Amino acid sequence: MKTLIITDVQHDFLPGGSLAVPGGDEVIAVINLILPRFNHVFATQDWHPPQHMSFASTHKKQPSETIWINGMQQILWPDHCIQNTYGAEIAESLNREQIEKIFHKGSSPDVDSYSTFFDNARKRSTGLADHLKKLHLKDLYFVGLATDYCVLYSVLDALDLQFKVWVIRDACRAINLNPRDEEKAFEKMRSHGAKIIESGQI
Ligand code: VGL
Ligand code: ZN
């Protein structure tokens, strides 16, 4: 049983969005093409309240600065994926018919959540792990945005939780705040046990 996890293919992460991932829109056609190969499909949505702690504007600072909050380093982002706004919606060009359930993350005002499984303080779970376990789904394929944040941390948690993990490289795009972040993210996922593949290999 192959399970696809579509990470954060939301307007704000696409060209023209407030936290646009370079080439982010290019993943959509790849995902649409491979969808029929999967038995189960889930999606995630970055889903922040206004004035979320990860927004630079909340702290009257500039995006890309890093600050310490509650003993954790936090990169500050432009306002993005605010609950119930256009920017937070999943792209309509993505074929959403097969998506069984959508999991929200980043909804607590006081903590960020890159992983689709747990918030960055690892205090709250999104419910995805329990849902997958209940359905006895063990083989997870990750696609979406962004390779160097949400995909990376979701994959590391999935491996920690003993899932078998594949990352479909051509169906992911990185933010690359630093030019080698994408490369480093794939290397980290591989060294932790994920298989990095191309969509043609499924
Ligand atoms: C993400 C930065 C901030 C992501 C979410 O989905 O990768 N990145 N919030
Ligand atoms: Zn976010």
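What geometry do the donor atoms give the site of the zinc ion (ligand 2)? In this predicted model, the answer is irregular: the angles among the 4 donor atoms run from 89 to 171°. For a site to count as tetrahedral, all angles among four donors have to lie between 85 and 135 degrees, so a set that reaches 171° doesn't make the cut.

On the protein side, the zinc ion (ligand 2) is held by Asp46 through OD, and by His48 and His80 through NE2, at 2.0 to 2.2 Å. Read along the chain, these donors follow the spacing D-x1-H-x31-H. Asp46 sits in strand S2, whereas His80 comes from the loop between strand S4 (72-75) and S5, so this pair brings together parts of the chain that are 34 residues apart. Both Asp46 and His80 are buried, each at 3% relative accessibility.

Asp46 and His80 turn up again around ligand 1. The residues surrounding ligand 1 include these two, along with Asp8, Phe13, Trp77 and Tyr114. Further along the sequence, Leu145, Ala146, Tyr149, Cys150 and Ile175 also belong to this set. As for polar contacts, the side chain of Asp46 places an N or O atom 3.1 Å from a nitrogen atom of ligand 1. His80 does much the same, with a polar side-chain atom 3.1 Å from a nitrogen atom of ligand 1. With Cys150 it is the backbone that takes part: one of its polar atoms lies 3.1 Å from an oxygen atom of ligand 1. Ligand 1 is fully wrapped up, since the protein covers 100% of the 260 Å² of accessible area that ligand 1 has on its own.

Next come the charged pairs. Side chains of opposite charge can pair when their charged atoms come close. The model has 8 salt bridges, and one of them again involves Asp46, which pairs with Lys105 at 3.0 Å between the closest N and O atoms. Asp46 is in strand S2 (residues 40-46) and Lys105 in strand S5 (residues 99-105), so the bridge ties together parts that are 59 residues apart in sequence. Buried or exposed, where do the two partners fall? Asp46 has a relative accessible area of 3% and Lys105 comes in at 1%; because buried means under 20%, both count as buried.

Another salt bridge spans a longer stretch of sequence: Glu26 meets Arg173, with the closest N and O atoms 2.8 Å apart. Here Glu26 belongs to helix H1 (residues 26-34) and Arg173 to strand S7 (residues 164-173), which puts the two 147 residues apart. Glu26 has a relative accessible area of 46%, so this residue is partly exposed.

A local example is found in helix H4 (residues 181-191), where Glu187 and Arg190 are 3 residues apart, or about one turn of the helix. The closest N and O atoms of this salt bridge are 2.5 Å apart. Both partners are partly exposed, Glu187 with 43% relative accessible area and Arg190 with 37%. Elsewhere, salt bridges that share partners join Asp8, Asp46 and Lys105 into one network.

Taken together, Asp46 is a zinc donor, contacts ligand 1 and forms a salt bridge with Lys105.

Definitions and conventions. Residues are numbered from 1 along each chain as its sequence is written. Chains are lettered from A and ligands numbered from 1 in the order in which they are written. This is a predicted model: local features need pLDDT of at least 70, side-chain atom pairs count only at pLDDT 80 or more; totals for chains, interfaces and linings use all residues. Side-chain values use heavy atoms; hydrogens and water are left out. A salt bridge is a side-chain nitrogen of Lys or Arg within 4 Å of a carboxyl oxygen of Asp or Glu. Helices (H or I, at least four residues) and strands (E, at least two) are DSSP runs, numbered from the N terminus. Buried means under 20% relative accessible area, exposed over 50%, partly exposed in between (1.4 Å probe, protein chains only). Donors are N, O and S atoms within 2.8 Å of the metal (3.2 Å for Na, K and Ca); water is not among the atoms, so sites may look incomplete. Four donors count as tetrahedral if all angles lie between 85 and 135 degrees; four count as square planar and six as octahedral if opposite donors are over 155 degrees apart and all others between 65 and 115; anything else is irregular. A residue is near a molecule or strand if one of its heavy atoms lies within 4 Å of it. A polar contact is a pair of N or O atoms within 3.5 Å; within protein, one must be able to donate a hydrogen and the other to accept it, and residues adjacent in sequence count only if both atoms are side-chain atoms. Accessible areas come from the Shrake-Rupley method with a 1.4 Å probe; for residues, only the protein chains shown count as cover.
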